[in-house]
Amino acid sequence: MEKGNHSEATEFILLGLTDRPELQVPLFGVFLLIYGITLVGNGGVILLIMIDPRLHTPMYFFLSNLSFCDLCFSSIISPKLLLNFLAERKSISYTACAVQMNLSVIFTDVECLLLAVMAYDRYVAICNPLLYTVTMSRQLCKQLVVGAYAVGVVDSVIQTCFTFRLSFCSSNIINHFFCDIPPLLALSCSDTHINEIVLFAFTSCITAISFVPVLLSYVYIISTILQIRSAESRRKAFSTCSFHLTAVVLLFGTLLFMYLRPTSSYSMDTDKVASAFYTVAIPMLNPLIYSLRNMGVKDALRKEINRLLTNF
């Protein structure tokens with residue numbers, strides 16, 4: 001590592017989603033609306049699960065943690081993105097860039113792992129319903145969530161340390177709207193082969209320990225559901241999984257596209273759109289997917305609305 005070059009990078013300039021001036025204000029409005037929906041949607045899901053005793057089950061415990069993760073993830077990215085739409089100079093300090101990258105890696109990993117945990121929860125509920133309460137104990141649920149955060153923290157610390165050991169001597173302009181690993185590697189004047197290997201290895205590992213349990217869980221779930229004779233029972237069983245499957249496809253599809261490619265094939269414009277989808281759009285979509293497709297959440301929301309209207 002060249003310390004002289006390293007110390008010169010006191011800040012970075014984020015180019016943002018687009019450099020077209022006429023699009024800055026309209027995009028600010030669009031992303032402000034998305035961020036508002038994200039805050040209200042995820043905050044609402046967390047609040048509903050807290051106040052409704054019927055939702056104090058493992059499935060909704062994990063859902064509330066997923067909503068908290070989405071809330072934090074969006075809040076790491078969106079405020080700076082919104083500010084830069086209106087700012088003349090779209091700068092971010094060296095330290096703030098490292099913190100933003102570190103936190104974004106943590107919550108990306110946590111989201112992936114929570115979806116795997118939720119798949120296992122559905123597997124136990126459908127394939128071993130009589131053992132569900134015993135298997136998915138409160139202690140185990142807490143341990144699974146803590147484990148997801150522990151993995152995320154370890155991954156983020158390693159990725160951040162490896163990335164910010166590099167020298168950024170030729171330019172400090174990041175062709176992105178937040179401090180993500182691929183654009184920082186593209187910006188560096190150091191040899192990034194080790195970083196690329198580390199990124200690929202950790203991303204592959206996180207994807208594997210997240211996606212394989214999801215895949216195996218749904219193989220058993222579908223097999224069990226197909227053995228159910230009642231069409232109505234099959235429909236109910238599938239409906240409890242459909243919203244989770246939708247969230248899995250959206251997140252894993254985007255992340256596989258983003259990270260499991262060599263840096264030589266990156267198109268920053270394409271990657272910025274994909275990044276905006278998983279950092280901004282998915283946290284907005286998740287509470288909509290879960291609330292619109294989940295009878296428990298819809299019933300709890302209807303109950304609270306009726307209670308508020310009655311009191312009013």
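**Cavities, disulfide and nonpolar cores**

In the predicted model, helix α3 makes the largest contribution to the lining of the second largest cavity, with 3 residues. This cavity encloses about 60 Å³ of space and belongs to a set of 3 cavities of 30 Å³ or more in the structure. Its lining is made up of Leu 14, Leu 15, Gly 16, Leu 17, Thr 18, Gln 24, Leu 81, Asn 84, Phe 85, Lys 90 and Phe 177. Sorted by class, the lining residues of the second largest cavity comprise 6 nonpolar, 4 polar and 1 charged.

The cysteines were examined next. The count of disulfides is 1. The bond is formed by Cys 97 and Cys 179, with an S to S distance of 2.0 Å. Distant parts of the chain are linked in this way, as Cys 97 belongs to helix α4 and Cys 179 to the loop between β3 (173-174) and α7 (181-187), with the two positions 82 residues apart in numbering. The link of Cys 97 and Cys 179 is left-handed, with -120° about the S-S bond. Cys 97 has a relative accessibility of 0% and therefore counts as buried. Cys 179 is likewise classed as buried, because its relative accessibility is 0%.

Cys 69 has Cys 72 as the closest cysteine by sulfur position, but the 7.1 Å between the two sulfur atoms is too far for a bond; the cut-off applied to a disulfide is 2.5 Å. Cys 69 is buried, at a relative accessible area of 0%. For Cys 141 the relative accessible area is 4%, so this residue is also buried.

The largest nonpolar core contains 62 residues, among which Phe 31, Leu 63, Leu 115 and Tyr 290 touch the most other members. At least two residues of this core come from each of the helices α2 (21-51), α3 (58-86), α4 (94-127), α6 (138-163), α8 (193-226), α9 (231-259), α10 (268-293) and α11 (295-311). When neighbours within four places in sequence are left aside, the contacts of Leu 115 are Leu 66, Val 214, His 244, Ala 247, Val 248, Leu 251, Phe 252 and Tyr 290. A second core, separate from the largest, has 18 residues, including Phe 164, Leu 166, Ile 174 and Leu 184.

How values were computed:
Residues are numbered from 1 along each chain as its sequence is written. This is a predicted model: local features need pLDDT of at least 70, side-chain atom pairs count only at pLDDT 80 or more; totals for chains, interfaces and linings use all residues. Side-chain values use heavy atoms; hydrogens and water are left out. A nonpolar core is a set of buried Ala, Val, Leu, Ile, Met, Phe, Trp, Tyr and Cys residues joined through side-chain atoms within 4.5 Å. Buried means under 20% relative accessible area, exposed over 50%, partly exposed in between (1.4 Å probe, protein chains only). Helices (H or I, at least four residues) and strands (E, at least two) are DSSP runs, numbered from the N terminus. Contact means heavy atoms within 4.5 Å. On a 1 Å grid over the protein atoms alone, a cavity is a set of points where a 1.4 Å probe fits but cannot get out, and a pocket is an open set with protein on both sides within 12 Å along at least five of seven lines; lining residues have an atom within 4 Å of a point. Grid points are joined across faces, edges and corners, and a volume is the space filled by probe spheres set on the points. Ala, Val, Leu, Ile, Met, Phe, Trp, Tyr, Cys and Pro count as nonpolar, Asp, Glu, Lys and Arg as charged, and the others, Gly among them, as polar.
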